[in-house]
Amino acid sequence: MNRSQQHFHVDRLLFTLAVVPFMASGAIAADQQTAQVADEMVVTATRTEKRTIDVPVTTQVITHEALEMSGVTDIGDLIGKYVTGHYHKYNGLLSPIGLRGFRTDAHGIDINGSVLILIDGHRIGTANAAKINLDRVERVEVIKGPSSALYGSAAMGGVVNLITKKGDGKLGGSVGGELGSFDYYKTQLTGGGEVNEKFRFFATADINEVDDYDDPKFGTVYNSGVRKKNIGANLVYNFNDNHELRLGGNYSDLYGESPAWDNYVTYSSYDDTTSDYSDKSTGYADLEYNGDYLGGKLHWKGMFYYLYDKNHWCYGNSYLFPDPDAYQTKYIDETLGTDHQFTWKMTSWNTLLAGFTLEDMEKESYGVANYEPTRPYTPGLDYESNALFIQDSLDLFDDRVNIIAAARYDRFDVTTKRAQTGSYGSFNERSEDYSHVSPKIGVGVKFFDELLRVRANAGEGFKSPTADQLSADYYHTTDSKVHYLGNPDLDPETSMTYDTGFDLFFKPLTFKFSYFHTDYEDKIVADVYSLGGETVSSYKNQGDATIEGVDIGVEWAVDKTFQLPCGASLWSNMTFNTTYRDDLTENDLLYISDYEIKTGIDLTYQGLSGQLSHILVGPQMITNYDTYLEEEKGTFSYWDFTVRYRFAKQWEVKGSILNLFDQDVEWARGYLMPERNFRIGLTYNF
């Protein structure tokens, strides 16, 4: 019996303890027999705006109110607080995120990952959630399960789509500041709104910085400071009721330090002489057109975008060259892309969507050793990708049955290129190409005046091989006997997921249950072998895996159930992974927790609002990179508390206590997060 099976009985117990009180409250709600119409509009699951209850794919929405009450500053910490799946936070501005057993690339390269981060529907250009600030985000939509049928490669585990603020509402702005533990400070200026009937905008700029923090066990974590500067805006112009143009963008200047242990065997104290740091600046610009034709039956959404992402590490050598500038690695990714979709309302019950995406991404790589230019670890890469996608949406029997069927064709042409610095023994800039088709179908059926919705989905996700995995052909040096050689016969990694569940919508209570089963195939692994007296470093497809479990979501309006004089709501998001097995070795997959439970209560009274949240992350198997052996990483949990108060119409004060009970929080082994810490801020709205 493997470890995931041994923990299954514990999972069932936790599941029962978590759900029973909510089902009891559901009985109270059922007495009222009043349907809650799920009118919240979402766009990510179908690329079109539809009511949540009309989309067979379950979408978790992190609302603007939840963003305001989170007490965090970046998307990574936001996902860690509200979304069950996986969060893997390191120091030095590096935070991969995961959904249903898959995650973004550990180094932040979005095209290399298995979960896709979007902004307003297009790639944001980074998989590192620590880089993405919340200041321009209106809400976040999270799709769990494969979404390659609409979004292509890297959407195996799901999609996180950030919807930005567009300046809706009255013209105004705000200026504010925050102070907190570890010399934390933040200053921010925002402005926006409707200037006239045709033009609206939203803009923001902020600077925030924090010094070395203390953890609950070892004290000061030297060289863990972070500095962020962000500026971004959306400008929207309505030509008339049928045509709209939006110009948007953001740039983040990011600096993060990387702590080190005095001893990587004992883990007893941090090295106070370390001075490694990194520049992880990122940005994008996009131009979006929305137009209605044929009396509103045909809608064209066209997008052009530029993405920029830099990862520049300065790590030195603590023995010979303590100056971190002595040893450097830098990668710069730039993408030009365009995405167009056409939505045709064929009948009142049938909507057809079709479109295409064109992208060209180029990676430039640089290296420095002993202050001299040298070869970086990874050479330059180039990706040219073209895609066609189509989706048919059927809303039948007075909207009681909702069906979506989608498919996407992707074609890639990839090239491995020389680095910008250093020389090679030999280097062949070779190109390879391949294509892939991803299908998906989903069905939702509503009963009892939308009190109950039953749904089922089946879909394929895939992850493209990287350019060097397909087309590398070089020797690092003239005396090197290692030949880095791509495998042009590689297939993409794929996953087929079957998802079924039901949703209950009562006036004070919403309950969502999903069972998922994923067959993961053609995993790409390193392949080192001897050929003609030399060592060949290549890749191959080897190994399948099975992942299954349940997702549960509960939202309970406690104030409506008990007729309270204040607003009160209880929410909980839970995932129980019952199987996550490598089919070849029968070992547990790494970095998948047995369970995650994220729960909170929100209270409001007049201008006062507060949130108390609890995060519980179960055990998982990981790699110990000191021994390169697999081991179990234990359970951890923590509490956060945030309060906000609006007074005198224009003023707002807010405060947070993060890690309220001073617990050990370790998202990634060896990287303890801060001890109990405080933040307080004041904002003037005008």
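Visitor: Why is Asp-120 called buried?
Guide: In this predicted model, Asp-120 has a relative accessible area of 7%. Buried means under 20%, so with its 7% Asp-120 counts as buried.

Visitor: Where does Asp-120 lie?
Guide: Asp-120 lies in the loop between strand 7 and strand 8.

Visitor: What makes the phi of Asp-120 worth a remark?
Guide: Most residues other than glycine have a negative phi. The phi of Asp-120 is near 50 degrees, which is a positive value, and Asp-120 is not a glycine.
Guide: Glu-450 also belongs under this heading, with a positive phi of about 70 degrees in a residue that is not a glycine. Glu-450 is placed in the loop between strand 27 (431–447) and strand 28 (452–463).

Visitor: How do you know whether Glu-450 is buried or exposed?
Guide: The relative accessibility of Glu-450 is 18%. The cut-off for buried is under 20%, so Glu-450 counts as buried.

Visitor: What is the order of the strands in the open sheet?
Guide: The sheet has 5 strands in the order 3-9-10-7-8, and its pairing is mixed.

Visitor: What makes strand 3 and strand 8 edge strands?
Guide: Strand 3 (59–62) and strand 8 (122–123) each have a single partner strand, so one side of each has no neighbour in the sheet.

Visitor: Why is the pairing called mixed?
Guide: Take the pairs in turn. Strand 3 and strand 9 (residues 137–144) pair in the antiparallel sense over 4 bridges, with Val-61 opposite Glu-141 in strand 9. Strand 9 and strand 10 run antiparallel and are joined by 7 bridges; here Lys-144 stands opposite Gly-158 in strand 10. Strand 7 and strand 10, in turn, pair in the parallel sense over 5 bridges, and Ile-117 stands opposite Val-160 in strand 10.

Visitor: How do you know that those strands pair?
Guide: A pair needs at least two bridges. Strand 3 and strand 9 have 4, strand 7 and strand 10 have 5, and strand 9 and strand 10 have 7.

Visitor: Why is strand 10 called mostly covered?
Guide: Strand 10 spans residues 158–164, and 7 of its 7 residues are buried.

Visitor: How do you know that both faces of strand 10 are covered?
Guide: In a regular strand the side chains alternate between the two faces of the sheet. In strand 10, one side has Gly-158, Val-160, Leu-162 and Thr-164, the other has Val-159, Asn-161 and Ile-163, and all are buried.

Visitor: How many cavities of 30 Å³ or more does the structure hold?
Guide: There are 7. The largest has a volume of about 720 Å³, and the second largest holds about 270 Å³ of space.

Visitor: Which residues lie nearest the centre of the largest cavity?
Guide: Its lining has 38 residues, and Asp-77, Lys-89, Met-673, Pro-674 and Arg-679 lie nearest the centre. By class, 18 of the lining residues are nonpolar, 11 polar and 9 charged. Among the elements that each supply at least two of them are helix 4 (75–82) and strand 43 (677–685).
Guide: Arg-679 also lies over the face of Tyr-184, at 4.0 Å from the ring centre.

Visitor: Which residues lie nearest the centre of the second largest cavity?
Guide: Arg-123, Tyr-151, Thr-357, Glu-359 and Arg-408 do, out of 22 lining residues. Strand 7 (115–119) and strand 8 are among the elements that each supply at least two residues of this lining.

Visitor: How many aromatic pairs does a search of the whole structure find?
Guide: The search finds 33.

Visitor: Why is the pair of Trp-639 and Phe-661 called edge-to-face?
Guide: Their ring planes stand at 90 degrees and their centres are 6.1 Å apart. Centres must lie within 6.5 Å, and planes over 60 degrees apart count as edge-to-face, so this pair is edge-to-face.

Visitor: What does the pair of Trp-639 and Phe-661 tie together?
Guide: Trp-639 lies in strand 41 and Phe-661 in the loop between strand 42 (651–658) and strand 43, so the pair ties together parts that are 22 residues apart in sequence.

Visitor: Why is Trp-639 called partly exposed?
Guide: Trp-639 has a relative accessible area of 29%. Buried is under 20% and exposed is over 50%, so Trp-639 falls in between and is partly exposed.

How values were computed: Residues numbered from 1 in each chain as written. Predicted model: local features only at pLDDT ≥ 70, side-chain atom pairs only at ≥ 80, totals over all residues. Heavy atoms only, no water. 1 Å grid on protein atoms, 1.4 Å probe; cavity = no way out; pocket = protein on both sides within 12 Å on 5 of 7 lines; lining within 4 Å. Points joined across faces, edges and corners; volume = space filled by probe spheres on them. Nonpolar A, V, L, I, M, F, W, Y, C, P; charged D, E, K, R; others polar. Phe/Tyr/Trp six-rings, centres within 6.5 Å; stacked < 30°, edge-to-face > 60°. Buried < 20%, exposed > 50% of the residue type's maximum accessible area, 1.4 Å probe, protein only. Lys NZ or Arg CZ within 6 Å of the ring centre and 35° of its normal.
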